[in-house]
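Trainee: Could we go through this model together, one question at a time?
Mentor: Gladly; here it is.

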Amino acid sequence: MTGRLTKLGIVLAIFGLGFIVVSGYAFVKVQEGQRSLQAFSAAQNVKLTYNEEGQLVDRGDVAEGQAIMSLLTNDWGYAITPGELNPNDPIVNTASEYMYEMATVSYHTLHGTQTVILDEDFTAPDGTVYTAGVPYEVPVDGRYYSELDRNNPIEAAIRNQAWSPLALSLIGELGVGTATASSLQMGLGVAAIAFGLGFTFIFMGAGLVWAVRPETAKVRATQQSLAPTPA
């Protein structure tokens, strides 16, 4: 029985060593991915802007930065991780930074104004008459792509101009960055779990081998006294 338990302890320790190797490999790959994500954003000069107080600003305006954050956290319900927004490292390489940059593109698209020129006269449902060939400045008014009626020539023009392939492709690219950054975080968690399991198996295996090891007991020697032989 002692021999079997010793072998079991050795097997557990080997399994633990395997988990340690897996955790090390996962950690190295996560580091490679993070360096690549950092280099990718740095090459494109994708950075967030902070003021001297460490507040996010948009085009130098703190209020605009707060409005973008409100769109992200309130309208979209995204939970920002404060530690991922670092004024000392403005390069966009974390999930929260990618999502904030995505919200920035969307915010300016939603609150922009488009110049619309129609080919034919059009009377809007509210009675406004738009004359063909005349440029009109029409606000997007917070409407997303799906909220603009393509059967309405004014809204169709806004839909095509505001939510252009450029805006949609930027949002799509930033979404990929968010997913990549989140996957790297999950990879780091997997590495930590594997390391914890490996340490636990090694500890259990070593403890089992130690518990069943043979021990030499020290026995105190006793002296025998010879009884006197009666005469």
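Mentor: Let us begin with a definition: buried means under 20% relative accessible area, exposed means over 50%, and partly exposed lies in between (1.4 Å probe, protein chains only). This is a predicted model, in which local features need pLDDT of at least 70 and side-chain atom pairs count only at pLDDT 80 or more, while totals for chains, interfaces and linings use all residues. Residues are numbered from 1 along each chain as its sequence is written, and side-chain values use heavy atoms, with hydrogens and water left out.

Trainee: How far does helix α5 reach from its first C-alpha to its last?
Mentor: Helices (H or I, at least four residues) and strands (E, at least two) are DSSP runs, numbered from the N terminus. The expected span of a helix is 1.5 Å times one less than its number of residues. For the 47 residues of α5 (165-211) that gives 69 Å, and the helix comes close to this, with a reach of 68 Å.

Trainee: Which elements cover the buried residues of α5?
Mentor: The buried residues of α5 include A167, I171, L174, G177 and T178, and further along G198 and G205. Contact here means heavy atoms within 4.5 Å. The cover includes α1 (2-44), α3 (95-110) and α4 (153-162).

Trainee: Is E173 buried or partly exposed, and which residues does it contact beyond its neighbours in sequence?
Mentor: E173 is placed in helix α5. Because its relative accessibility is 37%, E173 counts as partly exposed. Leaving aside neighbours within four places in sequence, the contacts of E173 are F40 and Q44.

Trainee: How many residues of α4 are buried?
Mentor: The buried residues of α4 are I154, E155, A156, A157, I158, R159 and A162. They pack against α3, β1 (113-116), β2 (122-123), β3 (129-130), β4 and α5. The helix is mostly covered, and the count of buried residues is 7 of 10.

Trainee: Which element gives the most residues to the largest nonpolar core?
Mentor: A nonpolar core is a set of buried Ala, Val, Leu, Ile, Met, Phe, Trp, Tyr and Cys residues joined through side-chain atoms within 4.5 Å. The largest one has 38 residues, and those touching the most other members are L48, L56, Y100, V116, Y130, I154 and I158. Two or more residues come from each of α2 (62-75), α3, β4 (136-139), α4 and α5. The element that gives the most, with 9 residues, is α3.

Trainee: Which residues does I154 contact, leaving aside its neighbours within four places in sequence?
Mentor: I154 is one of the buried residues of α4. With those neighbours left aside, I154 is in contact with V116, L118, F122, Y130 and V138.

Trainee: How many salt bridges are there?
Mentor: A salt bridge is a side-chain nitrogen of Lys or Arg within 4 Å of a carboxyl oxygen of Asp or Glu. E32 and K29 form one at 3.3 Å, N to O, and both lie in helix α1, 3 residues apart. E155 and R143 form another, also given as 3.3 Å, N to O, linking helix α4 to the loop between β4 and α4, 12 residues apart. By this rule the count is 2.

Trainee: Is E155 buried or exposed?
Mentor: E155 pairs with R143 through its side chain. Because its relative accessibility is 18%, E155 counts as buried.
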